[in-house]
Amino acid sequence: LTTRTEPVGAEAPARAYDAIIVGAGFAGLYQLHALRDRLGLSVRVLEAGSGIGGTWYWNRYPGARCDSESYSYSYSFSRELEQEWSWTERYPEPAEIRRYLEHVAARFDLARDIQLETRVTRADFDEEANAWTVTTEAGERFVAPFLITAVGCLSSANIPKIPGLETFAGEWYHTGRWPHAGVDFAGKRVGLIGTGSTGIQAAPVLAAEAAHLTVFQRTANYSIPARNGPITPQEQSRIKANYAEIRALTRTSTNGHPFLISERSAHDATPEERRALYESAWEAGGLRFRAVFRDLLVDKAANDTAAGFIRDKIRQIVRDPATAAALTPTDHPFATKRPPIDTDYFETFNRDNVRLVDLKASPIEAVTPRGVRTGDAEYDLDVIVFATGFDAMTGPLLAMDIRGSGGRGLKEAWAAGPRTYLGLQTAGFPNLFTITGPGSPSVLCNMPVAIEQHVDWITACIGHVRGHGLVRVEATAEASDRWVDHVNEAANATLLPMANSSWYLGANVPGKPRVFMPYAGGMAAYAQICARVARNGYEGFALR
Ligand code: N01
């Protein structure tokens, strides 16, 4: 792997490639392999971190695990890779996923085209040359006809602007920027702010390590037990023998997971049957709970049956009735915010060294030198952990000053929320592709499945453009307008927009336009639309 050595002056000549990829996580690595080894292009990957892995490079907080099942959270493009890699647990830890990606990088000889410690700050499209000039923080410049962002959907840390944070005498961390050396919590009083997927994974581990844990909760969350465990040799053999079926299933499913959503309505089951089915999904653990009935995400009354089941579980698990009541979600339907899965989250509140602070009852007013002050109390802390999520989907893209035709900025084009065609391109930004961009299934899907579909599509599109002696591909404004309407329709056909504090809507970042960003029409249906667009000569794109 190459790392930047000296800052380079802006006067240094730009280095030319066929394509520049920003990011060396799951998406960037596969995009490099596809463009270089299938199309024979010269490619440079620019990566801000000092290692590859993207999400799994940055998110090393205690309790971090992937919520997708390991064997399905992997690349499907190489049969050999599938067979030679063995996952050790149902839900892998970041270190195991990094080892996997490092294995992939070594196996496909990717490292030589990846430049680490290189943060892209700007990209400008040149109308004459039909090429992008990409500028890095150090002032290095790269030029290429094609620019592909592989920056992830959840990579811009959202650190709330709480007054007084700079006065805090202790240490504070955001889970998405976790120190590689780890944090020693022994003997410390820890405050955890945030109870999304991350906070819910971290709380039990923090409680076990620290002297005392205070969990600051703004929105109570539904969570399902993950039921993590080792993958036995028998399971390992079964997985490896059945990879073809597993992949076929992930590609036909709504969410890219290796299971289908039931075809049965919650209304077609008796209360006893429903309870038995929910109970068995609760025992099996993980995101499959969402798939028990077909109408959980489209019919509020159906959803109420699942939500009610989980609320009962919370009341059964948490001994203190006031704490149980505060932990019980009531303001949004189940799974309309990304459902967390956990290992002993609710049980953690039965520990003597754990306290829940309900911010709905009394919000945080300030961080003081001693800790966190809410409307009615001050909590003394040695460490604050922000599990406050991300400026999702658009954050990492808008953090780069991307300027398309006529010097128009992406920030301007997306001022009222992201507008894309298929989540792949934005009108006015020729030859720029956004892997798992807003308007694509992305975060509603098992990410590697969404990523591979996008990379394959982008690679074929670039191959088509070059193969036909063309130089430019650009989403038309009309196609983009139609797609934005369709993305809204798809979201409105579900209960998802009912969670009005969800990051899907941008609601977690003050001032961010409220637009439902991912495409909720399902991964399989989406892939078919993309395939049809390509088959029809890239309809909705202007090629020249
Ligand atoms: O972030 P979140 P996350 N004061 O935005 C609260 C993926 N993921 O990092 O709900 C007080 O979901 C906020 O409260 P509210 C997964 O897709 C995957 O947990 O806005 N609290 C909420 O409780 C997930 O959905 C894995 O009212 C504040 C929490 O912080 C996504 O990442 C693991 C606050 C933020 O929850 C993001 O999850 C973990 C404030 N000012 C995450 N601001 C896998 O295993 C925010 N909050 C693959």
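Here is a short chat about ring pairs and a ligand in a predicted model.

Colleague: How do you know how confident the predictor is in the chain?

Modeller: The mean pLDDT of the chain is 97, and 98% of its residues reach 70 or more. pLDDT runs from 0 to 100.

Colleague: Okay, rings next. Why is the pair of Trp 282 and Phe 309 called edge-to-face?

Modeller: Look at the angle: there are 70° between the planes, and planes over 60 degrees apart count as edge-to-face. The centres are 6.0 Å apart, and the cut-off for a pair is within 6.5 Å.

Colleague: What makes Trp 282 and Phe 309 count as buried or exposed?

Modeller: Buried means under 20% relative accessible area. Trp 282 has 4%, so Trp 282 counts as buried. Phe 309 has 8%, so Phe 309 counts as buried too.

Colleague: And why is the pair of Tyr 421 and Phe 541 called tilted?

Modeller: Their planes are at 45°, so the pair is tilted: under 30 degrees would be stacked and over 60 edge-to-face. The centres of these two rings are 4.8 Å apart. In the chain, Tyr 421 and Phe 541 are 120 residues apart.

Colleague: Now the ligand. What makes the contact with Arg 218 a polar one?

Modeller: A polar side-chain atom of Arg 218 lies 2.9 Å from an oxygen atom of the ligand, and the cut-off is within 3.5 Å. Thr 195 also has a polar atom 2.9 Å from a ligand oxygen, this time in the backbone. The protein covers 88% of the 910 Å² of accessible area that the ligand has on its own.

Technical notes: Residues are numbered from 1 along each chain as its sequence is written. This is a predicted model: local features need pLDDT of at least 70, side-chain atom pairs count only at pLDDT 80 or more; totals for chains, interfaces and linings use all residues. Side-chain values use heavy atoms; hydrogens and water are left out. A polar contact is a pair of N or O atoms within 3.5 Å; within protein, one must be able to donate a hydrogen and the other to accept it, and residues adjacent in sequence count only if both atoms are side-chain atoms. Accessible areas come from the Shrake-Rupley method with a 1.4 Å probe; for residues, only the protein chains shown count as cover. Buried means under 20% relative accessible area, exposed over 50%, partly exposed in between (1.4 Å probe, protein chains only). Helices (H or I, at least four residues) and strands (E, at least two) are DSSP runs, numbered from the N terminus.
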